[in-house]
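Colleague: I have a model open here and would like some help reading its features. Could you walk me through them?

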Amino acid sequence: MNIFDQIMPLNSVGNEVSGYINALNEEFYIQLSVQESKQIKKIRLSGCEKLQKLLKPVQDDLEQHLLQTNSVTDMLHEIQNVLIMQLRSTAINQTVDLHMGYNLLLEQLQAVGWDKVHYISSDFQSVHLKAIDEFDREHILKLWIPEKFPKEPPRYEYDLPEVFDFKWLPDDTFSTIFSAFQEVLMKHSEFWDNLDEIDAKTWVLEPENPKRSDCKRRIAISSGVSLLLLVDPARPTAVPTCSYLGPDRIVEPVREKFNSNIHLWSEYNSLLYNLKQVLEIEFPSPESATKEEFCMECGICYSYHLGDAVPTMNCDNSSCNQMFHHSCLYEYIRMLPDVRTSFNKLFGECPYCSKPLWCTVP
Ligand SMILES: [Zn+2]
Ligand SMILES: [Zn+2]
């Protein structure tokens, strides 16, 4: 049986053929012609892209061999053998590459310490390393391994209040990036100490589940009144940026107290201690109150969370005090038949007590 039954002669002499040649169950399109004149033999070999790609590294050797053969069939045998050899060696190289990749990753993880390995994806492309800081807080460094690792840097993700910019060099390993990460953690220790105290001893209305990178906290002062803090991660006990949310007549005295007592603020004391000193209050906490007392729902949509927003507008009538989302109140006033506009403000009345109320145009 002719094993080259998919190859057809292109002329009656049979020195020019084309068709399909099989090697390790793969088909390759091939074109071969042999020209002989005055004892000079010329061979032209071409074919599909994958055939040319496989033969290219051995092109010169192959041509020498082919010149010594006597028939086109022998040439085809020769080509077929070379194709099989080439296919096998690429397959081996790929496996070797893969093994080297795994071994390298395992070696690097070993060097970091298996107790620090929090997660490895089944395809080995993503690794999470866990650091415990001096106050037992867990921090995760997520790494994604590129194909050309370690020449190419891994992509990484972290939860820190500041940018962690690690300049990856080809000699770097998981250990070097992990050590740099641990150093940055130490730098933020004081920031987290202060925010942990706030989170534990006050009612934090926002964010609902603070991340280690969050510098903002909105904490309850009393029903419908809260204080929004923006803390500087580099100087966590310095006076934070403060804004108050709630009815003006309640917020105004709180703001005045803060300003008149600001000389009591000391960076040597904790953030919470300082806030209590200058505001002369005890903040409501999980020990003294339930969160629902402070999460006053919007009087228009009856929910607390509306996307990222919480109710921040309120009716200033002391017997009403109803809270509203800014967008809900804006839509409500805008639709009133007797709405009045002045600059960027809309004037209407409270849907509950009908006292005058205004809201800015978003
Ligand atoms: Zn609403
Ligand atoms: Zn009202």
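**Where domains meet**

Modeller: Gladly, and let us begin at a domain boundary: across the interface of domain 2 and domain 3, the rule finds 2 salt bridges. Please keep in mind that this is a predicted model.

Colleague: Which side chains meet in a salt bridge with a distance of 2.9 Å, N to O?

Modeller: A salt bridge is called when a side-chain nitrogen of Lys or Arg comes within 4 Å of a carboxyl oxygen of Asp or Glu. Here the side chains of R137 and D196 make such a pair, at 2.9 Å from N to O.

Colleague: Where does the domain assignment of the protein chain place each domain?

Modeller: The assignment gives domain 1 as 7-92, domain 2 as 114-187, domain 3 as 190-292 and domain 4 as 296-360.

Colleague: How many residues of domain 2 are in contact with domain 3, and which residues of domain 2 supply the most buried area there?

Modeller: An interface can be read by its contacts and by its buried area. In this model, 9 residues of domain 2 are in contact with 10 residues of domain 3. R137, D159 and P161 supply 63% of the area that domain 2 buries against domain 3, more than any other three residues. Between them, the two domains bury about 870 Å², and 56% of that area is on carbon and sulfur atoms. The C-alpha centres of domain 2 and domain 3 are 33 Å apart.

Colleague: Let us turn to empty space. What is the volume of the second largest pocket, and which residues are closest to its centre?

Modeller: A pocket is an open set of points, whereas in a cavity the probe fits but cannot get out. The second largest pocket has a volume of about 340 Å³. Its lining has 17 residues, and those closest to the centre are G246, D248, M313, N314 and W358.

Colleague: Why does the second largest pocket lie between domain 3 and domain 4?

Modeller: It lies between them because domain 3 (190-292) and domain 4 (296-360) both give residues to its lining. At the level of secondary structure, β12 (241-245), α6 (248-260), β13 (313-314) and β17 (356-360) each supply at least two lining residues. By class, the lining of this pocket has 9 nonpolar, 4 polar and 4 charged residues.

Colleague: And how many cavities of 30 Å³ or more does a search of the whole structure find?

Modeller: The search finds 1 cavity of that size. The largest cavity has a volume of about 90 Å³. Of its 14 lining residues, R218, G224, F294, P311 and M323 are the closest to its centre. Domain 3 and domain 4 each give at least three residues to the lining of the largest cavity, and β10 (216-222) and β11 (225-230) each supply at least two. The classes here are 9 nonpolar, 4 polar and 1 charged.

Colleague: One last topic, the backbone. Which peptide bonds are cis?

Modeller: Omega is the angle to check. The bond from F149 to P150 is cis, with omega near 0°, and P150 sits in the loop between β7 (138-144) and β8 (155-157). Another cis peptide bond joins E206 and P207, where omega is about -10°; P207 is in the loop between β9 (204-206) and β10.

Colleague: What is phi of N25, and where is its place?

Modeller: Phi of N25 is near 65°, a positive value in a residue other than glycine. N25 belongs to the loop between β2 (16-23) and β3 (26-37).

Conventions
Residues are numbered from 1 along each chain as its sequence is written. Chains are lettered from A and ligands numbered from 1 in the order in which they are written. This is a predicted model: local features need pLDDT of at least 70, side-chain atom pairs count only at pLDDT 80 or more; totals for chains, interfaces and linings use all residues. Side-chain values use heavy atoms; hydrogens and water are left out. On a 1 Å grid over the protein atoms alone, a cavity is a set of points where a 1.4 Å probe fits but cannot get out, and a pocket is an open set with protein on both sides within 12 Å along at least five of seven lines; lining residues have an atom within 4 Å of a point. Grid points are joined across faces, edges and corners, and a volume is the space filled by probe spheres set on the points. Helices (H or I, at least four residues) and strands (E, at least two) are DSSP runs, numbered from the N terminus. Ala, Val, Leu, Ile, Met, Phe, Trp, Tyr, Cys and Pro count as nonpolar, Asp, Glu, Lys and Arg as charged, and the others, Gly among them, as polar. Domain bounds come from an automatic or database domain assignment. Contact means heavy atoms within 4.5 Å. Buried area is the accessible area (1.4 Å probe) that two parts lose on being put together, summed over both.
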